[in-house]
Amino acid sequence: MKFLIADTFQSALTKLDNQSQKAAKMAAFDLQMDPAGEGKSFHRIDNSKDKNFWSVRANRDVRLIVHKEGDRMVLCYVDHHDDAYAWAERRMFEVHPKTRALQIVEVEETVEKRELVSAGTFDHAPDPDEVAAGPSEPPPLANTASDELLTHGVPPQWVDRLCAATTDELLDLVTHLPQEAQEAVLAFAVGEAPPLPTIVEDSQDAALHPDAQRRFRVVEGRDALEAALEYPWEQWTVFLHPSQQKIVEQDFSGPARVGGSAGTGKTVVALHRAQRLAKAPNAKVLLTTFSRPLAASLKRKLTILSGGEKGIVPSINVASFVDAAAELYTLTFGREPYVAKEDDVRAILARESADLSAFDERFVWTEWRDVVDGWHLKTIDDYLDVTRTGKRSRVGRKQRETLWPVFERTRQAIERKGMKTASTLFVEMADHFGPKPDKPYSHIVVDEAQDLGPAELQFLAAIAPDTDNALFFAGDLGQRIFQHPFSWKSLGVDIRGRSSTLKVNYRTSHQIREAADKLLPRAVRDMDGNEDRRTGTVSLFNGPTPHVIRADTQDGEAALASAWIAKMIDDGTAPNEIGVFVRDRSYLPRARDMLAKVGQEVQTLSGAEEIMSEKINLGTMHLAKGLEYRAVLVMACDDDALPLQSRIEDAADEAELDEVYASERHLLYVACTRAREHLCLSGVRPLSEFIEAFDGGI
């Protein structure tokens, strides 16, 4: 008998207490070994419209819901007796008449028809008279043909109700649909045409349809089932959305990139592509990203994807940009490089520039970091000729001539200490491997590629062979917070014609994504003309409107913010599923004082590899990159914090001021989109003008 597990089973399993989980897992193992259920108590769910639903006893109170039909058994759900039966009574297994995909369909009449009110404010619902007086808009799907919905996997019994639903009703109703139907309905609702689904022949097993594989997994053997039960479905990432699968499997004749807004699965694509490329004969793959914590996260996810520690693909090396370069340096020269820390370099630069009264310390540091060291300029002629890509402030020839001796002395001082900047390390390794025909890696996959600097990109291009599929980048131009933009093409990496954008958001609720997207333009374009369009992106689940706390004092903010955190915990959010972020380190004490009122322990994010803990996570917005939480509080969103006042004051002209505002918006976008279900922004009046993108407040 073919044995399958549904995503609904794993989601339900994680909500049980430990003892109940153990009992459910043992019952599942027993069923897999003996599908006939010798010694097991099978009971048909008599009140279900689908007569193939059965319950199986796990212990005195916990029941597994299975679906048995022909030679197929599916683990569908698990819960306490009454709730498990109620779940089965509200659902049916169906093969969709158009797509031929196997679906678990919620019976339409069992879904309560309730009027939804979109809360515009935190503290009260809209006045009924105001609602009644407002203009009524036509239903979002009023002009969508029923046959179009059926073609995209919408169960037939749901079509009429969806077409008549208001926007608020639709956001609630789609959560009851199979995933492919959710995506199509939300795309139609925002005026987009979803891609045509896969249609298969009647003879094909409906459980093996690409859409069915989003929710059903065939498990063969106890080890496979044990691994499936060990990790939540959303972490497993074995089956991909068709748009993701296409990019994973596609062959590219040159460098390629996948983009998409936060939560659309770019990292999932990068992981799967690395695993796919590693299966080629003699493959050696580098999977890399900009920081050690994110590299560690990629390695953990690769472990899950590969089925446990023993299954990690040995031909994939997961490392940060710096660690990847340092490893090659050590293998090449037989010694480890001494990479200077930022604080060490800043101290040297401050000492060497002490007599520069015409330039402030912040300007000198950013000029060194972004221009001189960032582009690894070696001579004054290089500095005089550099086009300062991405730096909009004007620095004339005489100013550069004044600054250059400081930068030259700084470089010499670093070298005397036996240190290298990360940029120097990248360029040295690029110079070493660039001319060599034999490269250390057959394929390179880069995550968070929007934060690559010129030296990092030169390094990665130099260690990649000139073959198909050698360089693949995943990133979102809207999340660029660490690097100024520059032309990749000028460094020999041309992705034009090989760039695609993901549109389905798995991580962030519709309400959070919609509000956060207002922080950015509809399209973000790089310096080579490649464009990431944010229109047409759909989120697969609904949630509460982001909250905005507008307080008159810091004490008032702390009281309201701590109450919000306490409510999240009372409602079942674990402390380690909560992230609190502020604009920079100067606001951390303010956040710590607020969290002290909640009585919860705090882990402060440092940028080094973080230790998994049970504490609330606190950090600056820059350290939010790559993380995700059920609930996020972005605190101290005051007018002089976002954008940061010191950055505004340092802007040399209007063009550079525009760049400051753009990058600060990107930073807030990154912080807000770490939230999956709940988002709160707080500050002291007047709040940042950026907060206008978010509805609600007190």
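Select arginine 57 and arginine 63 to start: arginine 57 stands opposite arginine 63 in β4. Keep in mind throughout that this is a predicted model.

**Stop 1: around β4**

Colour strand β3, residues 53-57, and strand β4, residues 62-69. Five bridges join β3 to β4, and the two run antiparallel. A hairpin of four residues connects β3 to β4.

Now add strand β5, residues 72-80. Eight bridges join β4 to β5, again antiparallel. Pick leucine 64, and look across to valine 78, its bridge partner in β5. The hairpin of β4 and β5 has two residues between the strands. Select glycine 70 there: glycine 70 takes a positive phi near 60 degrees.

Is β4 enclosed or open? Six of its eight residues are buried, so β4 is largely enclosed by the rest of the structure.

Stay in this part of the numbering for two side-chain views. Show lysine 68 and phenylalanine 42. Lysine 68 lies over the face of phenylalanine 42, 4.1 Å from the ring centre. Next show Phe53, Tyr77, Trp87, Phe93 and Phe216, a cluster linked by ring pairs.

**Stop 2: the whole chain**

Zoom out. The protein chain has 25 helices and 24 strands. Of its 698 residues, 53% count as buried. The chain exposes about 31,400 Å², with carbon and sulfur atoms supplying 47% of that area. Take the contacts with a separation of 6 or more: residues 24 or more positions apart account for 74% of them.

**Stop 3: isoleucine 247**

Select helix α11, residues 242-249, and find isoleucine 247 in it. Isoleucine 247 counts as buried because its relative accessibility is 6%, and the cut-off for buried is under 20%.

Which residues does isoleucine 247 touch, leaving aside its neighbours within four places in sequence? The contacts are Phe252, Val258, Val269, Arg273, Phe472, Ser500 and Leu502. For a long jump in sequence, add serine 499. The C-alpha atoms of isoleucine 247 and serine 499 are separated by 9.8 Å, with their positions 252 residues apart along the chain.

Two of those contacts, Phe252 and Phe472, deserve their own view. The whole structure holds 16 aromatic pairs. In the pair of phenylalanine 252 and phenylalanine 472, the ring centres are 6.3 Å apart and the planes are at 35 degrees, so the pair is tilted. Phenylalanine 252 lies in the loop between α11 and β9, and phenylalanine 472 in strand β13, so the pair ties together parts 220 residues apart in sequence. Both phenylalanine 252 and phenylalanine 472 are buried.

**Stop 4: phi values and a charge over a ring**

Most residues other than glycine have a negative phi. Two residues to select next have a positive one.

Go to histidine 376, in the loop between α16 and α17. Its phi is near 55 degrees. Histidine 376 is buried, at 12% relative accessibility.

Then select glutamate 448, in the loop between β12 and α20. Glutamate 448 has a positive phi of about 55 degrees. At 11% relative accessibility, glutamate 448 is buried too.

Also show arginine 400 and tyrosine 383. The charged end of arginine 400 sits over the ring of tyrosine 383, 5.7 Å from its centre.

**Stop 5: strand β22**

Select residues 616-620. This is strand β22, and five of its five residues are buried. Add β20, residues 578-582: four bridges join β20 to β22, and they run parallel. Valine 580 has leucine 618 as its bridge partner in β22. Now add β21, residues 602-604. Three bridges join β21 to β22, also parallel. Here glutamine 603 is partnered with asparagine 617 of β22.

**Stop 6: aspartate 638 and two cis bonds**

Find aspartate 638 in the loop between β23 and α24. Aspartate 638 is buried, with a relative accessible area of 10%. What joins the side chains of aspartate 638 and arginine 590? A polar contact of 2.9 Å. Leaving aside neighbours within four places in sequence, the contacts of aspartate 638 include Gly683, Val684 and Pro686.

Most peptide bonds are trans. Proline 643 lies in the loop between β23 and α24, and the bond from leucine 642 to proline 643 is cis, with omega near -5 degrees. Finish at proline 686, in the segment after β24. The bond from arginine 685 to proline 686 is cis, with omega near -5 degrees.

Notes:
Residues are numbered from 1 along each chain as its sequence is written. This is a predicted model: local features need pLDDT of at least 70, side-chain atom pairs count only at pLDDT 80 or more; totals for chains, interfaces and linings use all residues. Side-chain values use heavy atoms; hydrogens and water are left out. Buried means under 20% relative accessible area, exposed over 50%, partly exposed in between (1.4 Å probe, protein chains only). Two strands pair if DSSP finds at least two bridges between them. Contact means heavy atoms within 4.5 Å. Accessible areas come from the Shrake-Rupley method with a 1.4 Å probe; for residues, only the protein chains shown count as cover. A polar contact is a pair of N or O atoms within 3.5 Å; within protein, one must be able to donate a hydrogen and the other to accept it, and residues adjacent in sequence count only if both atoms are side-chain atoms. Rings of Phe, Tyr and Trp (its six-membered ring) pair if their centres lie within 6.5 Å; planes under 30 degrees apart count as stacked, over 60 as edge-to-face and the rest as tilted. A charge sits over a ring if NZ of Lys or CZ of Arg is within 6 Å of the ring centre and within 35 degrees of the ring normal.
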